[in-house]
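Here are my notes for you, as someone coming to this one fresh. Have the model open while you read, and take the points in order.

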Amino acid sequence: MKIYAIHVVRNDIKPAKTIVDVKDLASFGFFQRSSIGEFMTFMSQTIAEKTQPGQRQSIEEANYVGHVYARAEGVAGVVITDKEYPPRVAFSLLNKILDEFTTRFPNNQLWTPEQCSYPELQQYIVTYQDPKQGDTIMKVQRELDETKIILHKTIESVLERGEKMESLVERSDVLSTQSKMFYKTAKKQNSCCVIC
Amino acid sequence: MDRSSEFFSTVESLRSRAQPHLPSDKRRLLSPMEQQAGSMGGAQQSKPKSEVSLMAIMIGKDIQATSVKLQKLARLAKRKTLFDDRPVEISELMHIIKLDIAKLNKQIAQLQNMVKEINAKSPHNCRQAMEHNTNVVVLLQSRLAAQTSTFKDVLELRTENMKATKDRREQFMFTTQQQSNTFASDSPLYNIDRRPTSSTNPPKDILSLDLPTPSQNLQQQEQVQLVDANNQYMESRSTAIESIESTLHELGGIFQQLAQMVSEQRDMVQRIDANTDDIESNVAGAQTELLKYYSYVSSNRWLMVKVFAVLISSAVTLSVLS
């Protein structure tokens with residue numbers, strides 16, 4: 001599952017304009033990359049135009065899926081992925097990006113590609129290529145699962161410890177009786193007559 | 001007089017006209033209709049199956065299939081397990097049944113129009129045929145109305161069960177933040193439930209009951225699709241967080257088990273400890289005894305020499321005496 005592109009588009013004007021975008025088209029052939037990139041920009045602008053503010057949509061097209069989330073301020077974020085990428089992770093990524101973007105550039109006069117620089121997008125697209133790494137919820141889930149596995153192993157080793165403990169108890173019991181006999185014999189030897 | 005040959009020929013003709021999987025009342029409806037068709041001799045209805053009866057047969061079959069699906073959905077909705085619920089299946093089935101009922105409605109409306117046209121074309125002669133056709137249409141509509149009412153009951157039951165399971169889940173997991181999500185996730189069901197129940201309250205006529213419901217169903221479907229995209233995201237988030245919660249819960253249980261096992265083993269450790277203490281004291285006591293014996297023996301040598309000397313002297317004297 002891969003992310004192909006992340007776009008931040010302003011959709012309060014028609015036609016919608018891309019403000020910032022970042023693409024990861026390494027999986028396509030070298031000569032197809034530019035045309036695919038243009039296609040993705042066009043697709044993201046189209047679906048950002050069609051989305052009402054405050055609405056989320058997932059649109060399927062050929063073998064890409066575009067997840068779009070439009071905010072009330074007039075910006076929309078579009079994430080273009082393949083079909084297997086979980087939409088929930090895409091939407092949480094969109095939430096995060098749009099929150100940061102609107103806090104950084106609240107003035108909508110600034111929304112031009114020259115004035116808005118958002119270098120963290122490149123980082124995000126890299127980290128979120130593996131949704132289990134990027135998304136917090138999935139990270140937590142994964143760590144919990146690992147902890148559970150470790151705990152299972154711990155319980156198994158505790159069971160083994162119990163068995164060893166049991167054998168130790170038996171052996172110490174036997175030793176105790178033997179030492180008691182030893183003591184009694186020694187005592188008997190002392191008190192009995194010394195004739196033969 | 002032997003009329004068995006007549007009987008056989010009648011049976012053969014009926015069998016050639018009857019189709020399999022037909023409900024029994026349709027068969028009864030068909031044969032008097034064919035007799036009337038034979039008496040009328042109209043071009044359109046001289047075929048053994050008229051268009052009306054063909055469509056009615058198809059609609060009857062579809063209604064049968066939908067009722068089977070509805071029974072399956074009712075069985076699924078009745079389950080009251082906490083974690084094994086299959087919401088995807090149930091919602092898919094509900095969607096399919098909604099579409100089926102809408103399609104059936106359209107088909108019955110078409111059939112009704114066809115019947116009206118036929119009745120308008122051949123006005124006076126076959127009043128019985130007209131009445132029969134209208135009766136067939138009314139019968140199909142009443143069956144569809146019964147099915148929609150059962151479907152609504154199943155939906156209500158399903159929402160109640162979902163509420164009950166969410167309550168029970170909250171009791172086990174002590175969370176209150178799911179409550180805001182339950183209203184969002186249940187609202188399509190609630191909306192669909194409330195409107196049909198209000199529409200069936202005045203049951204004036206079976207015909208009027210069916211005609212509002214398809215338009216409402218379509219509206220509800222549109223609304224459901226619009227609200228669905230956002231709801232799906234929220235629902236998927238809430239399911240993910242719920243799974244995290246359940247994992248945490250299990251982890252807590254595992255830790256408790258671990259603590260219990262370790263505390264059981266603490267008793268064994270104490271036993272081992274006591275045993276080793278006993279061993280130590282026993283062995284120490286035995287060692288003391290042996291030391292005493294050893295000292296006794298080593299200090300006793302002088303006495304031993306004296307004892308032996310006495311013995312040997314007595315043995316010597318005895319031998320001397322004898």
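1. Let's start with Asp12(A), which counts as partly exposed at 37% relative accessibility (buried means under 20% relative accessible area, exposed over 50%, and partly exposed in between, with a 1.4 Å probe and protein chains only). Its salt-bridge partner is Arg10(A), with the closest N and O atoms 3.2 Å apart; a salt bridge here is a side-chain nitrogen of Lys or Arg within 4 Å of a carboxyl oxygen of Asp or Glu. Arg10(A) is buried, at a relative accessible area of 12%.

2. Before going further, a word on the ground rules. This is a predicted model, where local features need pLDDT of at least 70 and side-chain atom pairs count only at pLDDT 80 or more, while totals for chains, interfaces and linings use all residues. Residues are numbered from 1 along each chain as its sequence is written, chains are lettered from A and ligands numbered from 1 in the order in which they are written, and side-chain values use heavy atoms, with hydrogens and water left out.

3. Now the layout of chain A. You'll find 5 helices and 5 strands in it (these are DSSP runs numbered from the N terminus: helices are H or I with at least four residues, strands are E with at least two). Going along the sequence, the order is β-β-α-β-β-β-α-α-α-α. Chain A has 196 residues, and 43% of them count as buried. Its accessible surface is about 11200 Å², with 56% belonging to carbon and sulfur atoms; that comes from the Shrake-Rupley method with a 1.4 Å probe, and for residues only the protein chains shown count as cover.

4. How do distant parts of chain A meet? Among its contacts with a separation of 6 or more, 53% are between residues 24 or more positions apart, where contact means heavy atoms within 4.5 Å. Ile97(A), in helix 2 of chain A, makes a nice example to look at. Leaving out residues up to four places away in sequence, Ile97(A) touches Ile6(A), Val8(A), Tyr118(A), Leu121(A) and Tyr124(A). Ile97(A) is buried, with a relative accessible area of 2%. You can also check the C-alpha atoms of Ile97(A) and Glu120(A): they are separated by 9.1 Å, and the two residues are 23 apart along the chain.

5. Back to charged pairs: over all chains, the rule counts 12 salt bridges. Arg88(A) and Asp135(A) form one of them, their closest N and O atoms being 3.4 Å apart. Arg88(A) sits in helix 2 of chain A and Asp135(A) in the loop between helix 4 (131-134) and helix 5, so this pair ties together parts that are 47 residues apart in sequence. Both Arg88(A) and Asp135(A) are buried.

6. Over in chain B, Glu6(B) forms a salt bridge with Arg3(B), the closest N and O atoms being 3.0 Å apart. Glu6(B) is partly exposed at 43% relative accessible area, whereas Arg3(B) is exposed at 51%. There is also a network in chain A: salt bridges that share partners join Arg71(A), Glu73(A) and Asp99(A).

7. How much area do chain A and chain B bury between them? About 3600 Å², 70% of it on carbon and sulfur atoms; buried area is the accessible area (1.4 Å probe) that two parts lose on being put together, summed over both. In chain A, the residues losing the most area to chain B are Arg56(A), Leu151(A) and Asn190(A), together 15% of what that side buries. The contact draws 39 residues from chain A and 38 residues from chain B.

8. Which pair makes the salt bridge across this interface? The rule finds 1 there, between Lys148(A) and Glu250(B), with the closest N and O atoms 2.6 Å apart. On the chain A side, the elements giving two or more residues to the surface that touches chain B are helix 2 (87-104) and helix 5 (136-191). Helix 5 of chain A gives the most, with 31 residues.
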